[in-house]
Amino acid sequence: MEILICTDGSPAAEAAAALLTRLGNSAGGQLTLLGVCENEAEEAALRASMDRMASILGPGWASVKQQVRHGHPVAQILAETQGQAYDLVVMGSSGHPPGLRLLNLGSTSSHLRPQIHPPLLVAPT
């Protein structure tokens, strides 16, 4: 199974990694941590978060790759899923206030949902 975990370095994204560990992993599963930042100033914090996520996920995966893309999150995630066949995409929910969270207004996941081909699992915060 090929799984893509998308992160912006936020605690919500790290919660997605924790959710995935609770669901378990398949023997021989391939995991890609995709970090997306809009500017290079954010990259060091993003890479530190990805390292924490790799620790949360623990051993047991056939491989764990980390990669960073720069640009708009939706466009970068779509480009990654179009260039690689993933069985599942996992990401954290946004940090919007409760009223907006119900509507997913402005969140990356709500923009991805109608466009992405693999199943999308959004972990609650």
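**Figure 1. Glu 43 and its surroundings.** Setting aside neighbours up to four places away in sequence, Glu 43 is in contact with Cys 37, Val 68 and His 70. This view comes from a predicted model, as do the views that follow. Glu 43 belongs to helix α2, and with a relative accessibility of 18% it counts as buried, because the cut-off for buried is under 20%. A useful pair to pick out here is Glu 43 and Asp 8: the two are 35 residues apart along the chain, and their C-alpha atoms are separated by 9.5 Å.

**Figure 2. The whole chain, for orientation.** Before the next close-ups, here is the overall layout. The protein has five helices and five strands, and along the sequence they come in the order β-α-β-α-β-α-β-α-α-β. Of the 125 residues, 42% are buried. Among contacts with a separation of 6 or more, 78% join residues 24 or more positions apart.

**Figure 3. Helix α1 beside helix α2.** Two packed helices are described by the angle between their axes and the distance between the axes. Here the axes of α1 (residues 11–23) and α2 (residues 43–57) come within 9 Å and cross at roughly 15°. The two helices are therefore roughly parallel, and their crossing is right-handed. On the α1 side, the residues to look for are Ala 13, Glu 14, Ala 17, Ala 18, Leu 20 and Thr 21; they meet Ser 49, Arg 52, Met 53, Ile 56 and Leu 57 of α2. Sorted by class, this contact holds seven nonpolar, two polar and two charged residues.

**Figure 4. The nonpolar cores, with Val 90 in view.** The largest nonpolar core has 18 residues. Ile 3, Ile 5, Leu 20, Leu 31, Leu 57 and Val 90 have the most contacts inside this core. At least two of its residues come from each of β1 (2–7), α1, β2 (30–37), α2 and β4 (88–92). If you follow Val 90 outward, leaving aside neighbours within four places in sequence, you will find contacts with Ile 3, Leu 4, Ile 5, Cys 6, Ala 16, Leu 20 and Leu 121. A second core, separate from the largest one, has 12 residues, including Leu 4, Val 36, Tyr 86 and Leu 112.

**Figure 5. Helix α3 and what covers it.** In α3 (residues 73–83), the buried residues are Pro 73, Val 74, Gln 76, Ile 77, Leu 78, Glu 80 and Thr 81. The elements covering them include β1, β2, β3, β4 and α5 (108–112).

**Figure 6. A closer look at Ile 77.** Ile 77 sits in helix α3 and is buried, with a relative accessible area of 3%. Not counting residues up to four places away in sequence, Ile 77 touches Cys 6, Leu 34, Val 36, Met 91, Thr 108, Leu 112 and Ile 116. One of these partners deserves a distance label: Ile 77 and Leu 112 are 35 residues apart in sequence, and 8.3 Å apart in space from C-alpha to C-alpha.

**Figure 7. Arg 69 in strand β3.** Arg 69 lies in β3 and is partly exposed, with a relative accessible area of 24%. With residues up to four places away in sequence left out, Arg 69 touches Leu 34, Gly 35, Val 36, Cys 37, Gln 76, Ala 79 and Glu 80. To set a distance beside that list, the C-alpha atoms of Arg 69 and Leu 34 are 7.4 Å apart in space, while the two residues are 35 apart in sequence.

**Figure 8. Lys 65 in strand β3.** Lys 65 has its place in β3 (residues 63–70). At 46% relative accessibility, Lys 65 counts as partly exposed. Apart from neighbours within four places in sequence, its contacts are Leu 31, Thr 32 and Leu 33. Lys 65 and Ala 54 are 11 residues apart along the chain, with 9.2 Å separating their C-alpha atoms.

Terms used:
Residues numbered from 1 in each chain as written. Predicted model: local features only at pLDDT ≥ 70, side-chain atom pairs only at ≥ 80, totals over all residues. Heavy atoms only, no water. Axes fitted to C-alpha atoms, helices over the stretch in contact; angles between N-to-C directions. Helix = DSSP H or I, 4+ residues; strand = E, 2+ residues; numbered from the N terminus. Parallel < 35°, antiparallel > 145°, perpendicular 65-115°, else oblique. Left-handed = near helix turned anticlockwise from the far one by under 90°. Contact = heavy atoms within 4.5 Å. Nonpolar A, V, L, I, M, F, W, Y, C, P; charged D, E, K, R; others polar. Core = buried A, V, L, I, M, F, W, Y, C linked by side-chain atoms within 4.5 Å. Buried < 20%, exposed > 50% of the residue type's maximum accessible area, 1.4 Å probe, protein only.
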